[in-house]
Amino acid sequence: MSQKTISLPLCTSCNRPVMPGERASKFYCPNCHQVLIWRCQKCRKFSRKYKCLNCGFEGP
Amino acid sequence: MEEREDEEVGSEEKMVIPQLSEKALLATGIRIGTPVRTKTMEQFTTRPRPDGLHIIDYSKTLQRIDIAGKFIAFVGAPNTVVYTSKDYGKVPVEKFCELTGAIPVIGRFMPGTFTNPLYPGHIDAELVLVADPASDTQAVIEAGSMGIPVIAICDTDNVTDDIDLVIPGNNRGRKALAAIFWLVARSVLTHATLLSMDQQMKYNIDDFETKMTEEELAGEEPA
């Protein structure tokens with residue numbers, strides 16, 4: 001039996017893995033459109049800040 | 001004293017964008033907030049007025065409008081849904097969608113518009129723009145369920161849960177809503193290279209405004 005691993009995306013704000021089926025959102029940075037930003041359900045709910053690693057834009 | 005007054009009404013010479021002076025922009029009441037200020041909106045406000053209303057820093061509003069315009073231009077306006085349940089937001093949203101090609105949803109937001117593929121009015125949106133997250137909750141919730149990013153115009157008393165990009169501004173005023181949607185439309189067209197910086201848009205802010213009849217105006221006056 002072969003074992004397979006999956007890599008989960010990490011939330012940009014809290015750096016935790018985003019589980020499948022979670023009410024998360026992903027979008028490219030609104031300012032530079034270079035970096036893919038993931039926001040997990042909790043970070044969206046609590047309006048936690050995210051920061052683009054490329055241009056430094058801070059949202060929401 | 002004069003300086004203070006100038007700060008309140010704005011200067012006529014200072015241009016915010018080529019066709020719009022600071023005075024004309026501030027006359028729309030774009031930065032007038034509410035007596036309530038939430039923690040998340042604290043970063044966008046300056047100081048409370050003597051009458052208790054919180055004032056929004058309009059330079060941040062303009063900055064966010066520019067970023068929102070970029071975001072919509074990147075994603076593509078035809079994949080963007082613009083929703084408002086407000087009466088004053090109807091005309092601005094219609095005009096915005098006419099200019100940019102976005103999808104307007106006005107009035108009641110039918111549950112399932114984003115989440116139910118069997119619903120005849122189902123829309124596969126990639127981005128949602130709402131005028132007020134407090135009154136347009138159904139659209140925000142459904143966008144959240146589908147993982148669609150949400151841009152929202154937020155007043156000082158709005159809670160920014162499930163919002164991915166905040167545009168701070170007065171979302172209650174008739175003129176203020178018109179001004180914000182006009183500025184976002186201009187930003188989208190500029191970033192999509194459909195309009196140059198010094199070019200005039202097809203409509204001006206007055207065209208974006210919801211016009212009221214004399215009876216409606218009379219009804220608004222206090223008895």
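Contact here means heavy atoms within 4.5 Å. With that in hand, welcome to a predicted model, shown in a handful of close-up views.

**View 1. Chain A at a glance, with one helix and four strands.** Read from the N terminus, the elements of chain A follow the order β-β-α-β-β. Along the principal axes, the C-alpha atoms of chain A fill a box of roughly 45 × 25 × 15 Å. Chain A has 60 residues, and 32% of them count as buried. Of the contacts in chain A with a separation of 6 or more, 26% are between residues 24 or more positions apart. The exposed area of chain A is about 4000 Å², with 51% of it supplied by carbon and sulfur atoms.

**View 2. A nonpolar patch on the surface of chain A.** Three residues, A:Ile6, A:Leu8 and A:Met19, make this patch of about 300 Å². To find A:Met19, look in the segment before strand 1 of chain A, a strand that spans residues 25-28. Is A:Met19 buried or exposed, or something in between? A:Met19 counts as partly exposed because its relative accessibility is 44%, and the partly exposed class lies between under 20% for buried and over 50% for exposed.

**View 3. Cysteines without disulfides.** How many disulfides does a search of the whole structure find? Over all chains, the number is zero. A:Cys14 is a good place to see this: the nearest cysteine sulfur belongs to A:Cys11 and is 3.6 Å away, and A:Cys14 is in no disulfide. For comparison, a disulfide needs a pair of cysteine sulfur atoms within 2.5 Å. A:Cys14 has a relative accessible area of 23%, so this residue is partly exposed. Over in chain B, the closest cysteine sulfur to that of B:Cys97 is in B:Cys154, and because they are 19 Å apart, they are too far for a bond. B:Cys97 itself counts as buried, with 6% relative accessibility.

**View 4. Where chain A meets chain B.** The size of an interface is often given as the accessible area lost when the parts come together. Here chain A and chain B bury about 1700 Å² between them, and 47% of that is on carbon and sulfur atoms. In chain A, the residues that lose the most area to chain B are A:Arg23, A:Arg44 and A:Pro60, which together give 35% of what that side buries. Chain A brings 20 residues to the contact, and chain B brings 22 residues. Three salt bridges are counted between the two chains. B:Asp164 and A:Arg39 form a salt bridge, in which the closest N and O atoms are 2.8 Å apart.

**View 5. Helix 4 of chain B and what covers its buried residues.** Helix 4 takes in residues 90-100 of chain B, and its buried residues are B:Pro92, B:Val93, B:Lys95, B:Phe96, B:Cys97, B:Leu99 and B:Thr100. Among the elements of chain B that cover them are helix 3 (58-75), helix 6 (174-191) and helix 7 (205-208). The cover also includes strand 5 (80-84), strand 6 (103-106) and strand 7 (127-130). After helix 4 comes B:Gly101, with a positive phi near 90 degrees.

**View 6. B:Thr190 in helix 6 of chain B.** Why does B:Thr190 count as buried? Its relative accessibility is 19%, and buried means under 20%. Setting aside neighbours within four places in sequence, B:Thr190 is in contact with B:Leu195 and B:Met197.

Conventions:
Residues numbered from 1 in each chain as written. Chains lettered and ligands numbered in written order. Predicted model: local features only at pLDDT ≥ 70, side-chain atom pairs only at ≥ 80, totals over all residues. Heavy atoms only, no water. Patch = residues over 30% accessible without salt bridge, like charges linked within 9 Å, V, L, I, M, F, W, Y side chains within 5 Å. Areas by Shrake-Rupley, 256 points an atom, 1.4 Å probe, with all protein chains shown as cover. Salt bridge = Lys/Arg side-chain N within 4 Å of Asp/Glu carboxyl O. Helix = DSSP H or I, 4+ residues; strand = E, 2+ residues; numbered from the N terminus. Buried < 20%, exposed > 50% of the residue type's maximum accessible area, 1.4 Å probe, protein only. Buried area = accessible area lost by both parts, 1.4 Å probe.
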